[in-house]
Amino acid sequence: MDNLKGKNAVITGAASGVGAALARALDAEGMHLLLLDRDSDGLAAIAAELGDRPAVARVDVTRGGDLIRAAETAWERWDNVHLFINNAGVMSKMAPLWELD
């Protein structure tokens with residue numbers, strides 16, 4: 001995509017770190033955003049930072065029902081999603097990457 005303005009994007013893990021940085025960058029490009037994370041406070045903070053332009057939803061990507069509701073939210077808002085960024089990280093334990101299943 002050469003022109004992101006007016007296109008629709010969904011970002012998981014959007015409340016902090018890489019997800020929040022992507023939200024800032026895509027907002028600056030003029031994209032419509034749906035930001036997903038299980039951190040409600042972090043979502044509220046990034047939404048406020050972006051002038052409450054993005055839609056936000058508390059979603060735990062380990063729960064299928066949460067993801068289905070997020071997809072329904074996206075389709076209700078827009079006819080399509082141009083960019084889906086599955087950024088949410090899920091770890092069962094803190095360890096070096098090479099030691100994780």
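Look at helix α3 and you'll find D66, A70 and A74 buried. They sit on the same side of α3, because together they cover an arc of only 75 degrees around the helix axis. An α-helix has 3.6 residues a turn, so residues three or four places apart point the same way. Bear in mind that all of this comes from a predicted model.

The helix itself runs over residues 64-77, which makes 14 residues. From its first C-alpha to its last, α3 reaches 20 Å, close to the 20 Å expected at 1.5 Å a residue. What do the buried residues of α3 pack against? Their partners are β1, β2 and β3, the last of these being residues 55-58. Turn to the face of α3 that points away from the buried side, and you meet the exposed residues I68 and E76.

Now move back along the chain to α1, residues 17-28. This helix has 12 residues and spans 17 Å between its first and last C-alpha, close to the expected 16 Å. Its buried residues are G19, A20, A23, L26 and D27. Seen down the axis of α1, these fall within an arc of 130 degrees, so they line one face of the helix. On the other side, G17, V18 and A28 are exposed. As for what covers the buried residues of α1, the list includes β1 (8-12), β2 (32-37), α2 (40-49) and β4 (83-85). Just past the end of α1, G30 takes a positive phi of about 90 degrees.

That brings us to the interior. In soluble globular proteins, nonpolar side chains tend to be buried together. Here the largest nonpolar core has 15 residues, and the members touching the most others are I11, A23, L26, M31, L33, L35 and I46. Which elements each supply at least two residues of this core? They are β1, α1, β2 and α2. The largest share, three residues, comes from α1. Apart from this core lies another, of nine residues, with L34, L36, V59 and W78 among them.

M31 deserves a stop of its own, as one of the residues that touch the most other members of the largest core. Leave aside its neighbours within four places in sequence, and M31 is in contact with L4, G6, K7, N8, A9, L26 and L83. One of those contacts, L26, is already familiar as a buried residue of α1.

Conventions:
Residues numbered from 1 in each chain as written. Predicted model: local features only at pLDDT ≥ 70, side-chain atom pairs only at ≥ 80, totals over all residues. Heavy atoms only, no water. Helix = DSSP H or I, 4+ residues; strand = E, 2+ residues; numbered from the N terminus. Expected span 1.5 Å × (residues − 1). Buried < 20%, exposed > 50% of the residue type's maximum accessible area, 1.4 Å probe, protein only. Arc of directions from axis to C-beta. Contact = heavy atoms within 4.5 Å. Core = buried A, V, L, I, M, F, W, Y, C linked by side-chain atoms within 4.5 Å.
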